[in-house]
Amino acid sequence: MSHHYDVIVIGTGAGGGTIAHALAMAGKKILLLERGDFLPREKDNWNSAAVQGDKKYQTKEVWQDADGKEFNPQQHYYVGGNTKVYGAALFRMRAEDFGETIHQAGISPAWELSYAEFEPYYAAAEQLYGVRGNRGEDPTEPWSSSGYSYPAVSHEPRIQQLAEDFAAQGLKPFHMPLGIQRDNDDRLSKCIRCDTCDGYPCLVRAKSDAEVAALTPVLGRANVTLLTNALATNLETNSAGSEVTAVTVERNGARLKYTADVFVVSCGAINSAALLLRSANDKHPRGLANSSDLVGRHLMKHNNSIMLAVSRCEVKTVYQKTLGINDFYFASDAWEYPMGNISFVGSVDGATLAAHAPAIVPEFSLEMVARRSLAFWLMSEDLPDPNNRVTLAADGSIVLAYRENNMQAHERLKEKTKELMGHQRTCDVHGSSCHVGMFASHIHVSQKIPVAGVSHQNGTLRFGSDARTSVLNLDCRTHDVNNLYVVDGSFFPSSSALNPGLTIMANALRVGDHLLAGMK
Ligand SMILES: Cc1cc2nc3c(=O)[nH]c(=O)nc-3n(C[C@H](O)[C@H](O)[C@H](O)COP(=O)(O)OP(=O)(O)OC[C@H]3O[C@@H](n4cnc5c(N)ncnc54)[C@H](O)[C@@H]3O)c2cc1C
Ligand code: SF4
């Protein structure tokens, strides 16, 4: 069979899986190259000791920080990429996020495309990933051309009580937009609502990850070839350096080459930058498509914390991730600058707490703490800094330099969450002494593994119309190389303070439309 394709897509996560779906449905002959395998379906999918303790599904790869300290990054190399373990909170960015936003620590730059240009693709991505939600509850929600196809996943009683207590304080709590196939009262619902979702693979394939939602419907078509365990190591160009001619792949000990008219890189923001840097040649001495010297720069990954609100009563909630608060997302009465988004992790248990090692009340065992905890997920925007960047060590392995910024916004969000919890209704059994306290674990910066928390990585190949200040043009094609596109989280010029998945998926559909228009 010919090794030449219409399009080769490298990486099968949120970006690669989604664009592959669009191209495959349009009948294009595509090759998908994925360094990982299918994630095995096995009981350990839902075993927290295996998943959180042993990190069974996380890569064993070792990267270095700017000081040469080694760490094991939070990366998952499978068909479906990091979406295999994601929490499936599928937010649209706010319309204002596409404009310039002033933060206490600096400016979050505008995107050169508006929310209106992304809107149809957000709607299509929500459809493809079966997002559940209720329009109109979230006060920051941008306008939309269509409703959600399914109602929001309902709150369990303790979360409902919390929502009511927040509303009584004048806030506007909302149901999270979620890509899990949970139909609330339907006993045949695919999702069984379990306590091992966020951070775990879904054993019953009810989470809309890129493999389940985007790839499964097209794998098996004659025009689609997927090669697993196929690590793309280098992109070759023609002698002028103007077009990619082939991708070199390592697979089962062999070195293979594949050719195509168009190459779409979607290895995740860090690995895509690394692949371009590794593909330096005579015409691209600083790395492929790197005339701007911006490849790998402006890495963002959000300022994220888990904050536990511990009570004397057991929380008895299976799946907490249904509630969100965006009242402090923009400048507000509480502060003149944006703070970010408050939501939840799906659930925590002793093994998860042990893995993230927060400093918590000594008189409780970790398992007891977990059973008595509401586990908030606090997310604030980090700003693009050219010195936060991906480079390569002499052996070609990844080096990440990342200095956190805009932390005052994040600290205020933590304080605000504590304050809100101080105004909850009192417990019937313990009165106001039920609420023991709030304990934050800034999980993405621990002393042991300084920059390992890269789950929300983005920004390393920013898009824009000026080839001097961006790597990709507004169609996500590299300015320097005509047939080379990138559709993972790399293209973000700023990161907002919302989970990046849906924006990556929507953009992949947008770029897919552009490619299809040019291939007619
Ligand atoms: C625990 C966790 C929870 C999360 N929760 C959420 C959430 O609730 N909501 C949300 O929006 N986001 C969430 N995220 C983030 C989300 O998963 C990512 O933003 C998204 O998957 C990024 O998509 P991507 O296409 O950029 O890269 P990825 O999904 O990482 O895909 C990259 C793919 O490329 C492959 N690859 C890499 N290098 C090569 C190579 N050289 N050759 C071949 N293949 C290669 C990888 O194996 C992978 O399959 C979470 C992430 C994690 C880890
Ligand atoms: S909560 Fe639902 S979607 Fe998530 S892992 Fe459990 S069954 Fe799967």
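Guide: Let's start with a yardstick: a residue is exposed if 12 or fewer other C-beta atoms lie within 10 Å of its own, and buried if 20 or more do. Keep in mind that this is a predicted model.

Visitor: Okay, so why does Thr-426 count as exposed?

Guide: Thr-426 has 11 C-beta neighbours inside 10 Å, and the limit is 12 or fewer, so Thr-426 counts as exposed. You'll find Thr-426 in the loop between helix H9 (407-421) and strand E18 (435-441).

Visitor: Which residues is Thr-426 in contact with, leaving aside its neighbours within four places in sequence?

Guide: Those are Gly-431, Ser-432 and Cys-434.

Visitor: Let's zoom out. What makes the chain as compact as a globular protein of its length?

Guide: There are 10 helices and 19 strands in the chain. Its radius of gyration is 22 Å and the globule rule gives 24 Å for 520 residues; the two are close, so the chain is as compact as a globular protein of that length. The C-alpha trace spans about 75 × 50 × 45 Å along its principal axes.

Visitor: How much of the chain is buried?

Guide: Buried residues account for 53% of the 520. In soluble globular proteins, nonpolar side chains tend to be buried together. Here the largest nonpolar core has 141 residues, and those touching the most other members are Val-7, Ile-8, Ile-30, Phe-263 and Val-264. H10 gives the largest share of this core, 8 residues.

Visitor: What does Phe-263 touch, not counting residues up to four places away in sequence?

Guide: Phe-263 touches Ile-8, Leu-235, Val-244, Val-247, Asn-483 and Leu-484.

Visitor: On to the strands. What makes E4 and E16 edge strands?

Guide: Look at the open sheet of 4 strands, ordered E4-E3-E17-E16 with mixed pairing. Strand E4 (70-71) and strand E16 (389-392) each pair on one side only, and they are its edge strands.

Visitor: And how do you know that E3 and E4 pair?

Guide: Pairing takes at least two bridges. Strand E3 (residues 63-65) is joined to E4 by 2 bridges, so they pair, and they run antiparallel. Gln-64 stands opposite Glu-70 in E4.

Visitor: Last stop, ligand 1: what surrounds it?

Guide: A shell of 41 residues, the closest being Gly-11, Gly-13, Gly-81, Gly-87 and Gly-501. Elements giving two or more residues to the shell are helix H1 (14-25), strand E9 (230-237), helix H6 (269-278) and helix H10 (501-518).

Visitor: How do the residues of that shell divide?

Guide: Into 18 nonpolar, 20 polar and 3 charged. Gly counts as polar here, so the closest glycines belong with the polar residues.

Note on methods. Residues numbered from 1 in each chain as written. Chains lettered and ligands numbered in written order. Predicted model: local features only at pLDDT ≥ 70, side-chain atom pairs only at ≥ 80, totals over all residues. Near = placed C-beta within 6 Å. Rg over C-alpha atoms; globule rule 2.2 N^0.38 Å. Core = buried A, V, L, I, M, F, W, Y, C linked by C-beta atoms within 7 Å. Contact = placed C-beta atoms within 7 Å.
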